[in-house]
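Please walk through the following structure with me, beginning at a single pairing of residues and widening the view step by step.

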Amino acid sequence: MNLDGMLRDKRILVLCGAGGVGKTTTAAALGVAAARAGRKVLVLTIDPARRLAEAMGLKENGAEPTSVPPERLYADGKRGEGRLDVWMLEPRIVFERMVRRMSATESAARTILEHRLYRFLSELVAGVQEYAAAEALDSFLAEGHYDLIVLDTPPSRHALDFLDAPGRLSRFLDERIISLFGPDSGRTGRLWQGAQALVGKVLDGIFGGGFAQEMRTFVAAFGGLFAGIRLHADRLREHLSSKDAAFLLVTSPEAAALREATFFQEALQAKGLPFAGYVLNRSWAREDGLAPAAALKPHANNAADTDAVSALEHLADVEDARAKAHQSLLARLAEGLPRGALAIAAPDAGADLEDFRGLVNLGDALTVA
């Protein structure tokens with residue numbers, strides 16, 4: 001399957017890779033291509049560069065996704081049926097949405113959100129980008145408003161941790177903590193009651209009188225969300241392991257980026273996730289047919305012209321060698337890929353990606369490769 005087919009058939013496309021390889025730009029360009037092909041698309045991104053954010057009209061810290069205006073999406077022709085929304089993941093907002101969605105009533109949600117301990121917990125957990133990515137992806141999949149969600153994962157070797165993030169949250173406040181602080185622990189042994197009293201005394205001594213009771217009230221309210229958190233974790237893993245999902249690794253010719261890509265491929269395969277292939281970014285692998293500078297020699301009319309042509313010949317040799325090296329690298333990436341996986345090179349667009357038209361061009365180039 002090529003990228004065009006992937007964008008038309010998949011429901012989830014996850015992009016992984018090291019920082020600085022153009023992963024966010026690639027995610028945006030693929031989202032643009034899918035929307036222009038007629039799908040309703042959401043791109044979830046972490047921290048796009050300022051010019052990329054401006055090109056897509058992205059609002060910082062927005063509570064809801066931003067829609068790319070149709071006149072921008074279809075600026076070069078007839079409007080289609082596709083739609084493109086973009087959202088910069090804001091952990092605080094994601095966490096609040098989760099509480100409201102999982103609480104039995106609005107009153108129960110307010111009990112959690114207005115509690116002073118909620119601020120501590122939200123900063124501790126929602127500050128982790130991996131958790132925000134997992135919860136946002138699960139939330140939008142459950143709502144069912146989009147045909148395709150493109151997730152730009154955090155630029156880190158730990159990017160795949162978002163798969164385990166909901167489980168880490170539930171383990172942070174697991175049954176043992178609920179039983180210790182919950183108002184009805186069900187345990188009446190003298191040793192257990194002594195443990196509760198000791199912990200309460202220590203917390204009151206550190207944080208002030210009444211803190212232990214505050215903790216019990218908060219845990220009692222928050223504990224009702226645990227079943228939902230675990231359900232979300234299982235549901236998300238099922239989605240990401242299905243034929244509706246694909247993981248693309250974005251890399252560059254830099255040695256460090258290639259090592260990260262190899263690590264990600266091995267991690268995906270170890271987790272049993274659908275590895276879809278590589279996008280080689282910021283390379284010259286598609287720069288075939290470079291014009292030889294020697295063709296200028298007949299036009300050299302004096303010594304200065306001849307010296308200039310010689311300098312251009314040297315530069316052309318360097319560029320040709322770079323293109324051949326990157327083409328060889330692309331061929332090596334393609335070796336041993338699983339059936340159906342791909343290895344393609346993105347054109348070196350440079351400054352052309354500073355506006356929305358550049359994203360359109362990159363998306364078109366990737367989907368016809």
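**From one strand pair to the sheet and its cores**

In this predicted model, Leu 280 stands opposite Ala 345, a residue of strand S8. That pairing belongs to a parallel arrangement in which four bridges join strand S7 to strand S8, the latter spanning residues 342-345. Strand S7 itself covers residues 275-280 and is mostly covered, since six of its six residues are buried.

Turning to the other neighbour of S7, one finds strand S6 (residues 245-251), which pairs with S7 in the parallel sense over five bridges. Within this pairing, Val 250 has Val 279 in S7 as its bridge partner, while Leu 249 is bridged to Tyr 278 of S7. The chain passes from S6 through helix H14 to S7, and the resulting β-α-β crossover is right-handed.

The connecting helix, H14, comprises residues 255-270 and contains Gln 265. Is this glutamine, Gln 265, buried or exposed? Because its relative accessible area is 14%, and buried means under 20%, Gln 265 counts as buried. Its side chain is joined to that of Tyr 278 by a polar contact of 2.3 Å. When residues up to four places away in sequence are not counted, Gln 265 touches Leu 249, Phe 275 and Tyr 278; of these, Leu 249 and Tyr 278 are the bridge partners already met in the pairing with S7.

Stepping back to the sheet as a whole, eight strands form an open sheet with mixed pairing, in the order S3-S4-S2-S5-S1-S6-S7-S8. Its edges are strand S3 (66-67) and S8, each of which pairs on one side only. As a general matter, the strands of a sheet pair through backbone hydrogen bonds, either parallel or antiparallel.

The packing of nonpolar side chains completes the picture. The largest nonpolar core has 43 residues, and those with the most contacts inside it are Leu 13, Leu 84 and Leu 248. To this core helix H2 (residues 23-36) gives the most, with eight residues. Leu 248, again without counting residues up to four places away in sequence, touches a set of residues that includes Leu 3, Met 6, Leu 13 and Leu 30, as well as Ala 276, Gly 277, Tyr 278, Val 279 and Leu 342. Apart from this core lies another, of 41 residues, among them Ala 132, Ala 133, Leu 236 and Leu 337.

Note on methods:
Residues numbered from 1 in each chain as written. Predicted model: local features only at pLDDT ≥ 70, side-chain atom pairs only at ≥ 80, totals over all residues. Heavy atoms only, no water. Helix = DSSP H or I, 4+ residues; strand = E, 2+ residues; numbered from the N terminus. Buried < 20%, exposed > 50% of the residue type's maximum accessible area, 1.4 Å probe, protein only. Polar contact = N/O pair within 3.5 Å; in protein donor to acceptor, adjacent residues only side chain to side chain. Contact = heavy atoms within 4.5 Å. Pairing = 2+ DSSP bridges. Right-handed = clockwise from strand over helix to strand, strands pointing away. Core = buried A, V, L, I, M, F, W, Y, C linked by side-chain atoms within 4.5 Å.
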